[in-house]
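Work through the following exercises with the sequence and the model side by side, and try each task before reading its solution.

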Amino acid sequence: MKKSFAAAPGKGKLRVNRDQLFYILLLAFPLAQFCIFYIGVNFNSFLLAFQTYNTQTSAFQWDFGANFSQVWRELTTSSMLLDMLKNSLIAWFFATLLGTVGAVFFSYYIFKKFPCKNVFRVILFLPSVLPGILLVMLFQTFGNEAIPAYIEVLFGTEIDPLFMSADTRFIMVIVYSVWIGFGTQVLIYTGSMEQISPSVMEAAKLDGAKPLRELWSVVIPEVMPAINTFLVTGIAQIFVNQVNLWSFFGESAPYQEMTLGYYMFYLVNRETAGTKLYYYGYASALGLICTFIAIPLTYVVRHFLGKLEDK
């Protein structure tokens, strides 16, 4: 006689309810964080885009078009915002695109345990250990004093401090931004490479694949999801990345090196008396416009990278 394994009446329903409760509790914390620290924090910024600050009454008043009109005037009558956008794109290109390529190569070097791998590991992870302001001071001293001194000793040529010269200032800031971005990426990529099946690596070795061929045909396809994540999130950084200009120069960053991220940060954080609140609405409107540009651009890049990953 066969035994019946049918669930008792109402037991399946109870399990479904428990599963739903577990699912709700699992999502409750991240959803609460999103609502409080993103929607709650940015909701007031959204409203400020449609308000202007009245210096006579020292209060904000509703004006739905003034801030957006000001942004449009600066775009059409001045090259300031376009120059900042150009700097933002340059910073994004080097910090995200070339930085990702460099991080993949360094990660592969460490993964394969080539000579001096621990030296590279320490250099690349140093920004994750030391305070950011300390690194800025060290890098600034390195660019202003150490490099000119070495150039003079080796070639007998005197050069200006690199952070004080208009020709090299922005280059040094970009180099620093690329360097400090390596730590997290290398950590993620090396972890992904460690998950590659040893049999796959052994098969590539038996087929006679050289290191570069192995990297291109085996390793990169395996870590492509992690690479895509950094590339997609990097799109949003185009408009908000200040490439550490505030850490290097504070309020005194030269106009030629300003990015959109630094400019918006500067408007709401500078200490100029009586004008700080006046620019809140303008900065919010500019940020809102950048958001409307970044959202569809992010989806397009995500769609393209997803198709590339499926091939």
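A pocket is an open set of grid points with protein on both sides within 12 Å along at least five of seven lines, and its lining residues are those with an atom within 4 Å of a point. The model examined here is a predicted one.

**Exercise 1. The largest pocket**

Find out which helix gives the most to the lining of the largest pocket, and describe the residues that form this lining.

Solution. Begin with the volume of the largest pocket, which is about 980 Å³. Its lining is made of 28 residues, and those closest to its centre are Tyr38, Asn42, Gly287, Leu288 and Thr291. Next, look for the elements that give two or more residues to this lining, which are helix H1 (11-48), H8, helix H10 (260-269) and helix H11 (280-310). Among the contributors, H11 gives the most, with 12 residues. Sorting the lining by class then yields 19 nonpolar, 8 polar and 1 charged residues.

**Exercise 2. The largest cavity**

Determine how many cavities of 30 Å³ or more a search of the whole structure finds, and state which residues line the largest cavity.

Solution. The search of the whole structure gives 1 cavity of 30 Å³ or more, and the space in the largest cavity comes to about 40 Å³. Two elements, helix H3 (80-111) and helix H8 (211-240), give two or more residues to its lining. The lining residues are Ser88, Ala91, Trp92, Thr96, Gly234, Gln237, Ile238 and Asn241, and H3 supplies the largest share of them, 4 residues. By class, the lining of the largest cavity holds 3 nonpolar and 5 polar residues, with no charged ones.

**Exercise 3. The course of H3**

Compare the span expected for H3 with the distance between its end C-alpha atoms, and locate the residue at which H3 bends.

Solution. H3 has 32 residues, so at 1.5 Å a residue it should span 46 Å. Its end C-alpha atoms lie 45 Å apart, which agrees with that expectation. Along the way, H3 bends by about 35 degrees at Gly99. After H3 comes Lys113, which has a positive phi, near 60 degrees.

**Exercise 4. Two cysteines**

Decide whether Cys35 is buried or partly exposed, and do likewise for Cys290.

Solution. Buried means under 20% relative accessible area, exposed means over 50%, and partly exposed lies in between. Cys35 has 41% relative accessibility, and therefore counts as partly exposed. Cys290 is buried, because its relative accessible area is 7%. As for bonds between cysteine sulfur atoms within 2.5 Å, the count comes to 0 disulfides.

Note on methods:
Residues are numbered from 1 along each chain as its sequence is written. This is a predicted model: local features need pLDDT of at least 70, side-chain atom pairs count only at pLDDT 80 or more; totals for chains, interfaces and linings use all residues. Side-chain values use heavy atoms; hydrogens and water are left out. On a 1 Å grid over the protein atoms alone, a cavity is a set of points where a 1.4 Å probe fits but cannot get out, and a pocket is an open set with protein on both sides within 12 Å along at least five of seven lines; lining residues have an atom within 4 Å of a point. Grid points are joined across faces, edges and corners, and a volume is the space filled by probe spheres set on the points. Ala, Val, Leu, Ile, Met, Phe, Trp, Tyr, Cys and Pro count as nonpolar, Asp, Glu, Lys and Arg as charged, and the others, Gly among them, as polar. Buried means under 20% relative accessible area, exposed over 50%, partly exposed in between (1.4 Å probe, protein chains only). The expected span of a helix is 1.5 Å times one less than its number of residues. The bend at a residue is the angle between axes fitted to the seven residues ending there and the seven starting there.
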